[in-house]
2 protein chains.
Amino acid sequence: MTRLRVHNLAVSLDGFATGEGQSLEAPFGHAGGRLMEWFFPTDTFVSMSGHADEAVGAGTQGVDDAFAAATNRGIGAEIMGRNKFGPQRGPWADESWRGWWGEEPPFHSPVVVLTHHERPDLAVGETTFLFRDLAPAEALALASDVAGGLDVRLGGGPTVVREFLDADLVDHLHVVVVPILLGRGVRLWDGLEALEERFDVDVTASPSGVVHYVFTRAAR
Amino acid sequence: MTRLRVHNLAVSLDGFATGEGQSLEAPFGHAGGRLMEWFFPTDTFVSMSGHADEAVGAGTQGVDDAFAAATNRGIGAEIMGRNKFGPQRGPWADESWRGWWGEEPPFHSPVVVLTHHERPDLAVGETTFLFRDLAPAEALALASDVAGGLDVRLGGGPTVVREFLDADLVDHLHVVVVPILLGRGVRLWDGLEALEERFDVDVTASPSGVVHYVFTRAAR
């Protein structure tokens, strides 16, 4: 059974998953890198960063890395919002934008990009981006089809995650609460009153100051 | 040096310190008792609840109690908002309301009640309520005067705490994040962008599922 999983979704203590003023230069807006500072030192991130000359073990391997590492286990496809793929809005001016990730994106599997503005499939390295205008359940059906029996990762951003939670399609939700107050930006939790009733919740504080929340869909 | 301290201020994971629809019957609105469920089993609460026949040790004495217990140590006065004192709004219809706490309130020291509608001082048991229309700094000066050299506790509600944080008068802020989503109510964190820059932050997860955040004013 394919599960839909969210990993490493960082929010500030006041609930913002990204800051205000997102742009090509500032994908998290005024939040800068602060929501992901817990992630950058982890072995999982260091290994993903294309430093092929770094030995495994070059990053930290504590609590933060233990949670971070789960993001890549058993994943056969990803679904992401168009805003995660790129900073453009509206119709594509051209199709030269190939994502943030260079010629070997870290996905290594099909990625369904949700957009009202479809464009041809795009292969970059081992990753194929499928640009589709689909409702959440349809997107999950497509991603499950191409995931080769593995799980599907819901890659964000926060608005997309909210839509899938609202449609009750998410099986596993890993949220990282960072002890900063952003004050403005895109809220993760809006419209999700009583979400906890549908999930078992596990809470782990890290020495780094972040808190890992794992929501696992309760048995029905 | 008198410090101003906030203790046991519970918020939902989405940042609400109280629910919608507060009333005499529902002081936390639709949140009911859910924000304080971590507190009720603690020895600190059990001992405060007037069960004089209960031995000390009748409640839990783990992480949650360790944090809860700090609320009463070294406190000589409290400041609270008028909404914490009672459910009435606007001018007092009469002065028969003597607080929620019966004839021996748990404060045992002067309590400054912030209200635009002053009324005579009111002694109930060992507690004297002083109803004053004061700005945060003035209220703190009065409470410090009557605290006998001890600290002052800022008792809430959330709007009052926000005002004192905004005026940079708080030395110690203990917030308890409860893993529920209330969706609506009074937000604690609004307007406090970058609060963490003024404080050292300590984070402890409890087996009960709540997370204790202690903000201590950074040295200046």
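Okay, let's start in a loop. In this predicted model, Gly157(B) sits in the loop of chain B that runs between strand 7, residues 151-154, and helix 5, residues 158-166. What kind of peptide bond joins Gly156(B) and Gly157(B)? A cis one, with omega about 0°. Now hop over to chain A. There, Gly157(A) lies in the loop between strand 7 (151-154) and helix 5 (158-166), and the bond from Gly156(A) to Gly157(A) is cis as well, with omega near 0°. Why point that out? Because most peptide bonds are trans, and most residues other than glycine have a negative phi.

That second half brings me to two residues in chain B. Asn8(B) isn't a glycine, yet its phi is positive, about 60°. You'll find Asn8(B) in strand 1 of chain B. Buried or exposed, then, for Asn8(B)? Buried: its relative accessibility is 10%, and the cut-off for buried is under 20%. The other one is Asp168(B), with a positive phi near 55°, and again this is a residue other than glycine. Asp168(B) is in the loop between helix 5 and strand 8 (172-178) of chain B. Asp168(B) comes out as partly exposed, at 23% relative accessible area.

Stay in strand 1 of chain B for a moment, residues 4-12, and look at Ala10(B). Ala10(B) is buried, with just 4% relative accessible area. What does Ala10(B) touch, leaving aside neighbours within four places in sequence? Its contacts are Phe16(B), Ala17(B), Leu35(B), Met36(B), Trp38(B), Val176(B) and Val178(B). And here's one for your sense of folding back: Ala10(B) and Val175(B) are 165 residues apart in sequence, but 5.7 Å apart in space, going C-alpha to C-alpha.

Chain A has a pair like that too. Val186(A) and Gly19(A) are 167 residues apart in the sequence and 6.4 Å apart in space, C-alpha to C-alpha. Val186(A) belongs to strand 9 of chain A, residues 186-187, and it's partly exposed, at 23% relative accessible area. Beyond four places in sequence, Val186(A) touches Gly15(A), Phe16(A), Ala17(A), Thr18(A) and Gly19(A), plus Pro158(A) and Thr159(A).

Okay, zoom out to the whole of chain A. How many helices and strands does chain A have? Five helices and 11 strands. The radius of gyration of chain A is 17 Å, close to the 17 Å that the globule rule gives for 220 residues, so chain A is as compact as a globular protein of that length. Along its principal axes, the C-alpha trace of chain A spans about 45 × 45 × 35 Å. Half-and-half fans will like this: 50% of the 220 residues of chain A count as buried. And if you take contacts in chain A between residues at least 6 apart in sequence, 64% of them join residues at least 24 apart.

On the outside, chain A exposes about 9,600 Å², with carbon and sulfur atoms supplying 53% of that. As for charges, chain A carries 17 positive and 31 negative side chains, and the centres of those two sets lie 2 Å apart.

Last stop, the inside. In soluble globular proteins, nonpolar side chains tend to be buried together. Here the largest nonpolar core has 73 residues, and the members touching the most others are Ile79(A), Trp189(A), Ile79(B) and Trp189(B). Ile79(A) has contacts including Leu4(A), Val112(A), Leu114(A), Ala139(A) and Phe164(A). Also on the list for Ile79(A) is Gly156(A), which is one end of that cis bond in chain A.

Notes
Residues are numbered from 1 along each chain as its sequence is written. Chains are lettered from A and ligands numbered from 1 in the order in which they are written. This is a predicted model: local features need pLDDT of at least 70, side-chain atom pairs count only at pLDDT 80 or more; totals for chains, interfaces and linings use all residues. Side-chain values use heavy atoms; hydrogens and water are left out. A nonpolar core is a set of buried Ala, Val, Leu, Ile, Met, Phe, Trp, Tyr and Cys residues joined through side-chain atoms within 4.5 Å. Buried means under 20% relative accessible area, exposed over 50%, partly exposed in between (1.4 Å probe, protein chains only). Contact means heavy atoms within 4.5 Å. Helices (H or I, at least four residues) and strands (E, at least two) are DSSP runs, numbered from the N terminus. The radius of gyration is taken over C-alpha atoms; the globule rule is 2.2 Å times the number of residues to the power 0.38. Accessible areas come from the Shrake-Rupley method with a 1.4 Å probe; for residues, only the protein chains shown count as cover. Lys and Arg count as positive and Asp and Glu as negative; His and the chain ends are not counted. The place of a charge is taken as NZ of Lys, CZ of Arg, CG of Asp or CD of Glu.
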